[in-house]
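Biologist: Could you take a close look at a single part of this model for me, and then show me how it sits beside the rest of the chain? I would like the cut-offs too, please.

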Amino acid sequence: GETIELRFITKFPETGIMDPKTNIRYFQTEYVATIPVGTTAYRDFQLDADWERTTGRWVFEFWQGEQKLAEQEFCLFDAEASQRVQSDGDSLCAPVVGS
């Protein structure tokens with residue numbers, strides 16, 4: 001019956017995402033939730049608007065207080081683009097092509 005407070009951070013590609021209604025560029029968002037201990041949960045991000053579909057490296061981070069518990073990184077890319085999308089550092093985001 002105990003609960004813990006977790007902080008969920010979503011880091012967008014280094015160019016950020018621009019909300020066209022407010023002209024605010026977001027580089028990350030975060031929220032805090034109180035979760036029952038032992039509960040199975042998941043984290044997602046709905047790409048509801050075209051302006052949210054920014055290609056590059058995205059990161060989900062999971063924190064308890066000042067301790068990072070985990071992170072999950074993934075790449076969002078344009079499958080129709082012919083060239084790779086450069087991301088942070090030396091990593092590249094590119095579609096996987098089967099042989």
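Modeller: Happily! Let's start with Asn 23, which counts as exposed because its relative accessibility is 60%. Exposed here means a relative accessible area over 50%, buried means under 20%, and partly exposed covers what lies in between (1.4 Å probe, protein chains only). Please keep in mind that this is a predicted model, in which local features need pLDDT of at least 70 and side-chain atom pairs count only at pLDDT 80 or more, while totals for chains, interfaces and linings use all residues. Numbering runs from 1 along each chain as its sequence is written, and side-chain values use heavy atoms, with hydrogens and water left out.

Asn 23 belongs to the loop that joins strand S2 (17-19) to strand S3 (24-26). Strands are DSSP runs of E with at least two residues, helices are runs of H or I with at least four, and both are numbered from the N terminus. The backbone of Asn 23 deserves a second look: its phi is near 60°, a positive value in a residue other than glycine. As background, most residues other than glycine have a negative phi.

Now for the surroundings. The chain has eight strands and zero helices, giving the pattern β-β-β-β-β-β-β-β along the sequence. There are 99 residues in the chain, and 25% of them count as buried.

Thr 10 makes a good counterpart to our loop residue, since with 0% relative accessibility it counts as buried. You will find Thr 10 in strand S1, which covers residues 3-11. Its side chain makes a polar contact of 2.4 Å with the side chain of Arg 43. Such a contact is a pair of N or O atoms within 3.5 Å; within protein, one must be able to donate a hydrogen and the other to accept it, and residues adjacent in sequence count only if both atoms are side-chain atoms. Arg 43 also appears in the wider list of contacts (heavy atoms within 4.5 Å). Setting aside neighbours within four places in sequence, Thr 10 is in contact with Phe 27, Gln 28, Thr 29, Arg 43, Phe 45, Trp 58, Val 59 and Phe 60.

Contacts across the sequence can be put in figures for the whole chain as well. Among contacts with a separation of 6 or more, 47% are between residues 24 or more positions apart.

Val 37 offers another loop to compare, this time between strand S4 (28-36) and strand S5 (56-64). Because its relative accessibility is 53%, Val 37 counts as exposed. Even so, there are partners to name: apart from residues up to four places away in sequence, Val 37 touches Glu 2, Thr 3 and Ile 4. Its C-alpha atom is separated by 9.7 Å from that of Glu 5, a residue 32 positions away along the chain.

Finally, turn to Phe 77, in the loop between strand S6 (67-76) and strand S7 (85-86). With a relative accessible area of 31%, Phe 77 is partly exposed. From C-alpha to C-alpha, Phe 77 and Thr 54 are 8.0 Å apart, with their positions 23 residues apart in sequence.

To come back to your part: Asn 23 is an exposed loop residue with a positive phi, whereas Thr 10 is a buried strand residue.
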